[in-house]
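Thanks for making the time this morning. I would like to walk through one structure with you, and I will try to keep to what can be said about it with some care.

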Amino acid sequence: MNKPKIVILGAGYGGIITATRLQKTLSANEAEITLVNKNSYHYQTTWLHENAAGTLHHDRTRLDIKDVINPSKINFIQDTVTEIKPEDKKVVLTHGELNYDYLVIGLGFESETFGIKGLKEHAFSIASINAARQIREHIDYSFSKYHNTPAEKRDELLTIIVGGAGFTGIEFVGELANRVPELCKEYDIDRDLVRIVCVEAAPMVLPGFDPELVDYAVSQLEKKGVEFKIGTAIKECTEEGIIVAKGEETEEIKSATVVWAAGVRGNALVEQAGFEAMRGRVKVTKDMRVPGYEDVFIVGDSALLIDEVNNRPYPPTAQIAIQQGFNVAHNLAVLVRGKGELEEFTPDIKGTVCSLGHDDAIGVVFGKKLTGWKASFMKKVIDNRYLFVLGGPMLVLKKGKLNLL
């Protein structure tokens, strides 16, 4: 009897947890498991804003897949997925094809520009390790050019625009606010000449978050020199900056650095596979499968789950993706063995913490509001706990945030 083939696409939070749980649950004789990822490493998406600002080196954020995968139980293939053929139970890669009995799709997110003219061409996006590294290097280079640039072009070199005041945007400006004084000291630039401008089309920062905590965050960031333009939509991004609109009024803000952090969507391959999807996200069944496909699971950014209490989608967070990985691994083991009960997935939201820099944060954890160093401490504890679940104490020592205060 042939062993069932399980193929996992993507080593993001959901994919890597599914793989590591399966290698603990199933023996090598029970299933043939293959993990496909375009890079040789897994990375903490929730740390990319630190890499982009230059407050944390990108090597700290990524970890080699071989450090957490047991090669005797899981076959790792470093390749890029180009097509998913669910009717043929086949996945096409750049360098070959894979057949599967069960498929787990965890291919992550893509930036969503909402059709805003010029964003794809002229704005940066905090979408990957390489994209974050590019942002950091670009900012450093802009500061280094300041004293050797004609006076009429200098201001835009020191103006950093961040589109979006959701979690990614706020965490990024928080890190920038900490980094800019270091850059000013290194390149002999007056801090007062630097502008960090956060532009948000919605009427408030961190929409949906606790208003009291939002007020704290805005106040703290404004003290560090962050400017907020709320209820202001970016209409166009150009080579020289952005054009924004508030009501009937438009304004051009010149900047050499525009970072778009206002929207993500699921991977386009999900739609191209023929699954019914909205912006690359499939409304999955209770046990995380694609409707109509009992052999295809989806985790992470491409899985759409509805919060029935608030009647709106759950945000595609790392916390939820990790929990999905546990759930899918359990359900796959049940299907492979032909015994046990499939589990329905319900997110268990233990808390949400938003960083405002390495020493400050806001959050709600187990129903309690936290600000300042207490929230920052809790965020680092959460990050370290994930590393412990993934690779044990040695991985925490190797990659964790051990300076908790």
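**Salt bridges, cores and cysteines**

Let me begin with K89, which at 27% relative accessibility counts as partly exposed. Please keep in mind throughout that what you see is a predicted model. The side chain of K89 meets that of D295 in a salt bridge, with an N to O distance of 2.5 Å. Because D295 sits in strand 22 (residues 293-298) while K89 belongs to the loop between strand 6 (81-85) and strand 7 (90-93), the pair ties together parts that are 206 residues apart in sequence. D295 itself, with a relative accessible area of 13%, is buried.

A further pair is formed by D210 and K369, whose side chains meet in a salt bridge at 3.1 Å, N to O. This one also links distant parts of the chain, since D210 is in the loop between strand 13 (195-200) and helix 8 (211-223), whereas K369 is in strand 28 (residues 368-371), 159 residues apart. Here D210 is partly exposed at 21% relative accessibility, and K369 is partly exposed as well, with a relative accessible area of 40%.

There is also a salt bridge between D59 and R62, at 2.7 Å, N to O, and a network of salt bridges that links E50, D383 and K401. Over the whole structure, the search finds 24 salt bridges.

Turning to the interior, the largest nonpolar core has 63 residues, and among those with the most contacts inside it are I6, L103, I105 and F275. Helix 10 gives the most to this core, with 9 residues. A second, separate core of 44 residues includes Y41, I135, L183 and A217. Coming back to F275, and leaving aside its neighbours within four places in sequence, its contacts include P86, I105, V282 and Y293.

Helix 10 (residues 318-337) also contains Q323, which counts as buried at 17% relative accessibility and which touches F345, T346, P347, D348 and K350, if residues up to four places away in sequence are not counted.

On the surface, M394, L397 and L402 make a nonpolar patch of about 350 Å². Of these, L397 lies in helix 11 (residues 372-399) and is exposed, with a relative accessible area of 56%.

Finally, why is C354 not bonded to C198? The two sulfurs are 11 Å apart, which is too far for a bond, and the count of disulfides comes to 0. Both cysteines are nevertheless buried, C198 at 0% relative accessibility and C354 at 0%.

Technical notes. Residues are numbered from 1 along each chain as its sequence is written. This is a predicted model: local features need pLDDT of at least 70, side-chain atom pairs count only at pLDDT 80 or more; totals for chains, interfaces and linings use all residues. Side-chain values use heavy atoms; hydrogens and water are left out. A disulfide is a pair of cysteine sulfur atoms within 2.5 Å. Buried means under 20% relative accessible area, exposed over 50%, partly exposed in between (1.4 Å probe, protein chains only). Helices (H or I, at least four residues) and strands (E, at least two) are DSSP runs, numbered from the N terminus. Contact means heavy atoms within 4.5 Å. Patches are made of residues with over 30% relative accessible area and no salt bridge: like charges are joined within 9 Å, nonpolar side chains (Val, Leu, Ile, Met, Phe, Trp, Tyr) within 5 Å. Accessible areas come from the Shrake-Rupley method with a 1.4 Å probe; for residues, only the protein chains shown count as cover. A salt bridge is a side-chain nitrogen of Lys or Arg within 4 Å of a carboxyl oxygen of Asp or Glu. A nonpolar core is a set of buried Ala, Val, Leu, Ile, Met, Phe, Trp, Tyr and Cys residues joined through side-chain atoms within 4.5 Å.
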